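Reader: I should like to go through the terms applied to this model and hear the reasoning behind each of them.

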Amino acid sequence: MAQQCLREVLEADALATLGQCGVAVGSFTLRDGTRDLLFVATGTGIAPFRSMLWSLAEAGVSRAVTLLWGLRSERDLYYQDELEQLSS
């Protein structure tokens, strides 16, 4: 279902992913494969994706990864140097 929804998303569309009672839910397991990856996080939700990015880098995996990370302000931008290092 989520994959189908993402295929229909247009630029500037607003997205919400909430589970029961408005709480975000999901499985934070990185599956083996060759498909490109899209990680979407806000605030401290970056934590599981940070771990996955390091795992991919350490394993030498060459899958394309796009990270969308929403923050309230620039002062909330942590791990910037680390993420830039991983992107190169």
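**Terms and their grounds**

Author: In this predicted model, helix α2 (residues 46-58) and helix α3 (residues 80-87) have axes that come within 10 Å and cross at roughly 35°. The crossing of α2 and α3 is left-handed.

Reader: Which residues make the contact between α2 and α3?

Author: On α2 they are R50, L53, W54 and A57, and on α3 they are E82, L83, Q85 and L86.

Reader: What makes E82 and R50 a salt bridge?

Author: The N to O distance between their side chains is 2.6 Å. The cut-off is 4 Å between a side-chain nitrogen of Lys or Arg and a carboxyl oxygen of Asp or Glu, so the pair E82 and R50 qualifies as a salt bridge. Because E82 belongs to helix α3 and R50 to helix α2, the pair ties together parts that are 32 residues apart in sequence. A search of the whole structure finds one salt bridge.

Reader: Why is E82 called buried?

Author: E82 has a relative accessibility of 17%. Buried means under 20%, so E82 counts as buried.

Reader: Why is R50 called partly exposed?

Author: The relative accessible area of R50 is 26%. Partly exposed covers values between the 20% and 50% limits, and R50 is therefore partly exposed.

Reader: What makes L38 eligible for a nonpolar surface patch?

Author: L38, found in strand β1 (residues 37-42), has a relative accessible area of 44%. Patch residues need over 30%, so L38 passes that cut-off. Together, L38, V40 and L68 make a nonpolar surface patch of about 270 Å².

Definitions and conventions: Residues are numbered from 1 along each chain as its sequence is written. This is a predicted model: local features need pLDDT of at least 70, side-chain atom pairs count only at pLDDT 80 or more; totals for chains, interfaces and linings use all residues. Side-chain values use heavy atoms; hydrogens and water are left out. Patches are made of residues with over 30% relative accessible area and no salt bridge: like charges are joined within 9 Å, nonpolar side chains (Val, Leu, Ile, Met, Phe, Trp, Tyr) within 5 Å. Accessible areas come from the Shrake-Rupley method with a 1.4 Å probe; for residues, only the protein chains shown count as cover. Helices (H or I, at least four residues) and strands (E, at least two) are DSSP runs, numbered from the N terminus. Buried means under 20% relative accessible area, exposed over 50%, partly exposed in between (1.4 Å probe, protein chains only). Axes are lines fitted to C-alpha atoms, for helices over the stretch in contact, and angles run from 0 to 180 degrees between N-to-C directions. A crossing is left-handed if the near helix is turned anticlockwise from the far one by less than a right angle, and right-handed if clockwise. Contact means heavy atoms within 4.5 Å.
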